[in-house]
Amino acid sequence: MKKLFALRGAVQCENELEDICAQVSLMYDEILGNNRLDEEDIVSIMFSVTNEINAINPCTALRKSGRATGNLALFSAQEPETKNSLERTIRVIIHCYLEEGAKAVHVYRNGAEVLRPDRAKG
(Lines give C-alpha, C1' and ligand atoms only; values in the text may rest on other atoms or scores of the structure.)
Protein backbone atom coordinates (compact mmCIF):
# COMPACT_ATOMS: atom_id res chain seq x y z
CA MET A 1 0.00 0.00 0.00
CA LYS A 2 1.32 3.45 -0.90
CA LYS A 3 0.76 6.79 0.81
CA LEU A 4 1.04 10.36 -0.48
CA PHE A 5 4.19 12.21 0.63
CA ALA A 6 5.67 15.67 0.06
CA LEU A 7 9.45 15.60 -0.31
CA ARG A 8 11.33 18.87 0.05
CA GLY A 9 14.68 20.10 -1.10
CA ALA A 10 16.72 23.22 -1.73
CA VAL A 11 19.96 24.10 -3.45
CA GLN A 12 22.01 27.21 -3.99
CA CYS A 13 23.45 27.89 -7.42
CA GLU A 14 24.93 30.55 -9.62
CA ASN A 15 22.63 32.31 -12.07
CA GLU A 16 24.15 30.46 -15.00
CA LEU A 17 22.38 28.01 -17.28
CA GLU A 18 24.92 25.23 -16.72
CA ASP A 19 25.00 25.55 -12.93
CA ILE A 20 21.22 25.71 -12.59
CA CYS A 21 20.81 22.63 -14.81
CA ALA A 22 23.50 20.74 -12.89
CA GLN A 23 22.30 21.68 -9.40
CA VAL A 24 18.62 20.99 -10.14
CA SER A 25 19.49 17.58 -11.61
CA LEU A 26 21.77 16.65 -8.70
CA MET A 27 19.14 17.66 -6.12
CA TYR A 28 16.40 15.76 -7.98
CA ASP A 29 18.53 12.63 -8.35
CA GLU A 30 19.47 12.74 -4.66
CA ILE A 31 15.83 13.08 -3.59
CA LEU A 32 14.78 10.17 -5.81
CA GLY A 33 17.73 8.01 -4.74
CA ASN A 34 17.43 8.70 -1.01
CA ASN A 35 13.71 7.90 -1.09
CA ARG A 36 13.91 4.97 -3.54
CA LEU A 37 11.39 6.89 -5.61
CA ASP A 38 10.49 6.06 -9.21
CA GLU A 39 9.30 8.88 -11.45
CA GLU A 40 6.04 7.04 -12.17
CA ASP A 41 5.13 7.51 -8.49
CA ILE A 42 5.50 11.31 -8.70
CA VAL A 43 2.27 13.33 -8.83
CA SER A 44 3.75 16.81 -9.29
CA ILE A 45 6.88 18.87 -8.81
CA MET A 46 6.85 22.51 -7.76
CA PHE A 47 9.92 24.73 -7.73
CA SER A 48 10.42 28.20 -6.31
CA VAL A 49 13.35 30.46 -7.07
CA THR A 50 14.76 33.59 -5.49
CA ASN A 51 14.76 36.67 -7.68
CA GLU A 52 18.46 36.29 -8.62
CA ILE A 53 17.74 33.06 -10.50
CA ASN A 54 16.52 33.88 -14.01
CA ALA A 55 18.94 32.23 -16.47
CA ILE A 56 16.58 29.25 -16.91
CA ASN A 57 13.39 27.99 -15.33
CA PRO A 58 14.15 24.97 -13.09
CA CYS A 59 11.30 23.05 -14.75
CA THR A 60 12.94 23.57 -18.12
CA ALA A 61 16.33 22.64 -16.65
CA LEU A 62 14.95 19.37 -15.29
CA ARG A 63 13.22 18.42 -18.55
CA LYS A 64 16.31 19.44 -20.52
CA SER A 65 18.29 16.90 -18.48
CA GLY A 66 16.02 14.08 -19.64
CA ARG A 67 14.28 13.79 -16.27
CA ALA A 68 10.60 14.36 -15.43
CA THR A 69 9.50 13.30 -18.88
CA GLY A 70 6.02 12.44 -20.07
CA ASN A 71 2.93 13.94 -18.48
CA LEU A 72 4.51 14.78 -15.14
CA ALA A 73 3.15 18.10 -13.86
CA LEU A 74 5.86 20.72 -13.20
CA PHE A 75 5.39 24.25 -11.92
CA SER A 76 7.73 27.08 -10.93
CA ALA A 77 7.17 30.33 -9.03
CA GLN A 78 9.27 33.17 -7.70
CA GLU A 79 9.89 33.30 -3.96
CA PRO A 80 8.62 36.39 -2.17
CA GLU A 81 11.49 38.78 -1.52
CA THR A 82 12.04 38.84 2.23
CA LYS A 83 14.70 40.26 4.53
CA ASN A 84 17.64 37.98 5.24
CA SER A 85 16.43 35.22 2.91
CA LEU A 86 19.03 32.90 1.40
CA GLU A 87 19.88 34.20 -2.05
CA ARG A 88 20.51 32.21 -5.25
CA THR A 89 18.25 29.43 -3.98
CA ILE A 90 15.98 26.97 -5.74
CA ARG A 91 13.50 25.08 -3.59
CA VAL A 92 11.44 22.08 -4.60
CA ILE A 93 8.49 20.12 -3.26
CA ILE A 94 7.74 16.77 -4.87
CA HIS A 95 4.32 15.22 -4.23
CA CYS A 96 4.64 11.48 -4.63
CA TYR A 97 3.57 8.06 -3.50
CA LEU A 98 5.92 6.03 -1.30
CA GLU A 99 5.37 2.81 0.55
CA GLU A 100 3.28 3.30 3.68
CA GLY A 101 5.65 3.59 6.63
CA ALA A 102 8.45 5.08 4.52
CA LYS A 103 10.47 7.84 6.15
CA ALA A 104 10.73 10.88 3.88
CA VAL A 105 14.29 12.03 3.23
CA HIS A 106 14.57 15.70 2.29
CA VAL A 107 17.63 17.14 0.54
CA TYR A 108 19.38 20.44 1.24
CA ARG A 109 22.66 20.90 -0.63
CA ASN A 110 25.32 23.21 -2.01
CA GLY A 111 24.88 25.88 0.67
CA ALA A 112 21.15 25.42 1.28
CA GLU A 113 21.84 23.22 4.31
CA VAL A 114 21.59 26.38 6.44
CA LEU A 115 17.84 26.45 5.72
CA ARG A 116 17.30 23.17 7.54
CA PRO A 117 20.38 22.12 9.53
CA ASP A 118 18.18 19.49 11.20
CA ARG A 119 17.74 17.81 7.78
CA ALA A 120 21.26 18.27 6.38
CA LYS A 121 23.59 15.31 6.21
CA GLY A 122 26.50 15.62 8.60
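Buried means under 20% relative accessible area, exposed means over 50%, and partly exposed lies in between (1.4 Å probe, protein chains only). Keep that scale at hand for the exercises below. The model is predicted: local features need pLDDT of at least 70, side-chain atom pairs count only at pLDDT 80 or more, and totals for chains, interfaces and linings use all residues. Residues are numbered from 1 along each chain as its sequence is written, and side-chain values use heavy atoms, with hydrogens and water left out.

**Exercise 1. Salt bridges**

Find which residue forms a salt bridge with E30, and classify E30 as buried, partly exposed or exposed.

*Solution.*
- Step 1: apply the criterion, a side-chain nitrogen of Lys or Arg within 4 Å of a carboxyl oxygen of Asp or Glu. The structure holds six such salt bridges.
- Step 2: the partner of E30 is R109, and their closest N and O atoms are 3.2 Å apart.
- Step 3: place the two residues. E30 belongs to helix α1 and R109 to strand β5 (residues 107-109), so the pair ties together parts 79 residues apart in sequence. Helices (H or I, at least four residues) and strands (E, at least two) are DSSP runs, numbered from the N terminus.
- Step 4: use the scale. E30 has a relative accessible area of 24% and is partly exposed, whereas R109, with 19%, is buried.

Now treat K2 and D41 in the same spirit.
- Their side chains meet in a salt bridge at 2.8 Å, N to O.
- This pair links distant parts of the chain, with K2 in strand β1 and D41 in the loop between α1 and β2, 39 residues apart.
- K2 is partly exposed at 38%, while D41 counts as buried at 18%.

**Exercise 2. The nonpolar core**

Work out which residues of the largest nonpolar core touch the most other members, and which element gives the largest share.

*Solution.*
- Step 1: define the set. A nonpolar core joins buried Ala, Val, Leu, Ile, Met, Phe, Trp, Tyr and Cys residues through side-chain atoms within 4.5 Å.
- Step 2: the largest such core has 31 residues, and Y28, I42, I45, F47, I90 and I94 touch the most other members.
- Step 3: two or more residues come from each of β1, α1 (17-34), β2 (42-49), α2 (58-64) and β4 (89-99). The largest share, seven residues, is from α1.
- Step 4: look around I45. Leaving aside neighbours within four places in sequence, its contacts (heavy atoms within 4.5 Å) include Y28, L62, F75 and I94.

**Exercise 3. Cysteines**

Explain why C21 and C96 have no disulfide partner.

*Solution.*
- Step 1: a disulfide is a covalent bond between the sulfur atoms of two cysteines. The cut-off for the sulfur pair is 2.5 Å.
- Step 2: for C21, the closest cysteine sulfur is in C13, 9.6 Å away and too far for a bond.
- Step 3: for C96, the closest is in C59, at 16 Å, again too far for a bond.
- Step 4: check the whole structure, where the search finds zero disulfides.
- Step 5: add the accessibility. C21 is buried at 15%, and C96 is buried at 0%.

**Exercise 4. A residue of β1**

Decide whether L7 is buried or exposed, and where it sits.

*Solution.*
- Step 1: L7 is in strand β1.
- Step 2: its relative accessible area is 0%, so L7 is buried.
- Step 3: the C-alpha atoms of L7 and A104 are separated by 6.4 Å, although these residues are 97 apart along the chain.
- Step 4: beyond four places in sequence, the contacts of L7 include I31, C96, A104 and H106.
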